[in-house]
Amino acid sequence: MHELFYGPPQSDESLGFASALFPADVMAKINADLTGAKLVEYLLSYLVQQRLTSVSLQPVDESVHFMARKGSAVREIGTSPLASASPLFQRLRRLAGIHGDGSPERGQLVFHFRGMQLAFEALVLHGEGGDVVTLRMQVLSPFPAICSDFAAPGTVTKAFRELTELRSGLVICASRNPADRDRLVDLYLDELETRGRAVMLFGDGVGRGRKRFPRIPRQELTAGEVAELISAGLEHDPDVVAIDNAGEEQVLLAAGRVAMRRKLAVAGVPFHDLAVLFRYLRHLWQRHHFIPAYLKGIIACRGVLILCPDCRKEYMPQPDELDALGLSELPARFWTSTGCDSCDHTGIKARRYLLEVIPVTAELIGRLETSGDCGDLVRFLDEQGHRGIIAQCAELLRQGEISPAEYVSALVL
Ligand SMILES: [Zn+2]
């Protein structure tokens, strides 16, 4: 009530950010803003102006250390007391579209700089005392608007089209990147014949495709509450239910129940390692009688960074880097890039989206039931001539379109 009449209380409180980077008047502005908004703004401007690879916030003991990386060199550019950093961590999470306080998290932060709209990737891990946050420039490329924009092998687009002809069952859309996963669910709905069918969306991320459908937001609900919402939604008799993130057991089980009612469910899940996804599905089957017979297909996508052709150069990776590729036949030449004016010093030309579609057949379910090792299922798919994201990445590596580091991150992340 006091604030209502007299405005916010004047205080001498300070964010306590200490740095030699900025002049005194800028430091005063940064420190007077206890929300951390000014600090974030100046840090990102600095990152852009200095063409840094990344800026990281690292809590150690009682302080947050701000580290700037340029190529292989790292230096500290400032510190702030951990005690006043909590609003800053919250602000960064909110700006990056990360709701809740999960870990690890990954989000996108858009920043206006001299009339340009720049995108940054924010990676967040729970650290001792506070978040470990890394901010780096992101190469943005529009997500494919239609399936054929993926430039995927013909067998993949054909399998995708077959899944869009389903009337019932469960289709899983897998990607660890929340934005990519949401767009994949939207793309599936765009390509699905929805005339004469009632569609209902659950979650905050989906619903940005070409078609409009009623959406039930998730907000702060727990997995159990979302599962109840989905059950309540079924009483409205939708023909198609789409869920943005069914990564939690209860939500995926709820999606399974939609399929059991002879409806079509499409659910995003935050995995793109197939072996992990298969292990998870088997766990649900064994523990919760989740019936994989309702599972009709898995669609996965992944954005890979294509090297800038202007600054791409050939190099010989170290032996441990070659080992990490895990390839029985190594390509003859390897490429990397350092950044130039034409790629804004990112070394990257574009993000290309790769698509993978696995129709779930009776044979695959049989394997899921009997196979001891989920890697075995992946090998089975390979034997069937399946060309997944990894195979497509290996091809890009051979063509020198991606670096060995990008190939490894596609394999393991
Ligand atoms: Zn370049």
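## The β1 hairpin

In this predicted model, Val60 of strand β1 faces Ser63 of strand β2 across the pairing. The two strands, β1 at residues 54-60 and β2 at residues 63-70, run antiparallel and are joined by 7 bridges. The hairpin they make leaves 2 residues between the strands, and Asp61 there adopts a positive phi near 50°.

Strand β1 also has a partner in β6 (residues 130-137), again antiparallel, this time through 3 bridges. If you would like a residue pair to look for, Ser56 sits opposite Thr134 of β6. The side chains of β1 alternate along the strand: Val55, Leu57 and Pro59 are buried and point to one face, whereas Ser54, Ser56, Gln58 and Val60 point to the other face and are not buried. Val60, the partner of Ser63, thus belongs with the residues of β1 that are not buried.

## A seven-stranded sheet

Further along the chain, 7 strands make up an open sheet with mixed pairing, and their order is β9-β8-β10-β11-β7-β12-β15. Its edges are β9 (215-216) and β15 (348-359), each of which pairs on one side only.

Within this sheet, it is worth pausing at β7 and β12. Strand β7 (residues 169-174) runs parallel to strand β12 (residues 295-307), and 5 bridges link the two. Val171 has Gly297 of β12 as its bridge partner.

## Two loops with positive phi

Two loops that lead into strands of this sheet each hold a non-glycine residue with positive phi. Asp237 lies in the loop that connects α7 (223-234) with β10 (240-243), and its phi is near 60°. Is Asp237 buried or exposed? Asp237 has 10 C-beta neighbours inside 10 Å, so it counts as exposed.

The other is Arg262, placed in the loop between α8 (249-260) and β11 (264-269). Arg262 is not a glycine either, yet its phi is positive, near 65°. Arg262 is exposed because 11 other C-beta atoms lie within 10 Å, and the cut-off for exposed is 12 or fewer.

## How α9 meets α12

Now for a pair of helices. Two packed helices are described by the angle between their axes and the distance between the axes. For α9 (residues 274-288) and α12 (residues 374-383), the axes come within 8 Å and cross at roughly 120°. The two helices are therefore oblique to each other, and α9 passes α12 in a right-handed crossing.

Which residues of α9 and α12 make the contact? From α9 come Leu274, Ala275, Phe278 and Arg279, and from α12 come Cys374, Gly375, Leu377 and Val378. Sorted by class, the contact has 6 nonpolar residues, 1 polar and 1 charged. The charged one is Arg279 and the polar one is Gly375.

## Gly102, an exposed loop residue

Back towards the N terminus, Gly102 is part of the loop that runs between α4 (86-95) and β4 (105-113). Gly102 has 10 other C-beta atoms within 10 Å, so it is exposed. For a sense of span, try Gly102 and Leu330: they are 228 residues apart along the chain, and 38 Å separates their C-alpha atoms.

Terms used: Residues are numbered from 1 along each chain as its sequence is written. This is a predicted model: local features need pLDDT of at least 70, side-chain atom pairs count only at pLDDT 80 or more; totals for chains, interfaces and linings use all residues. Two strands pair if DSSP finds at least two bridges between them. Helices (H or I, at least four residues) and strands (E, at least two) are DSSP runs, numbered from the N terminus. Axes are lines fitted to C-alpha atoms, for helices over the stretch in contact, and angles run from 0 to 180 degrees between N-to-C directions. Angles under 35 degrees count as roughly parallel, over 145 as roughly antiparallel, 65 to 115 as roughly perpendicular and the rest as oblique. A crossing is left-handed if the near helix is turned anticlockwise from the far one by less than a right angle, and right-handed if clockwise. Two residues are in contact if their C-beta atoms, placed from the backbone, lie within 7 Å. A residue is buried if 20 or more other C-beta atoms lie within 10 Å of its own, exposed if 12 or fewer, and partly exposed in between; C-beta atoms are placed from the backbone.
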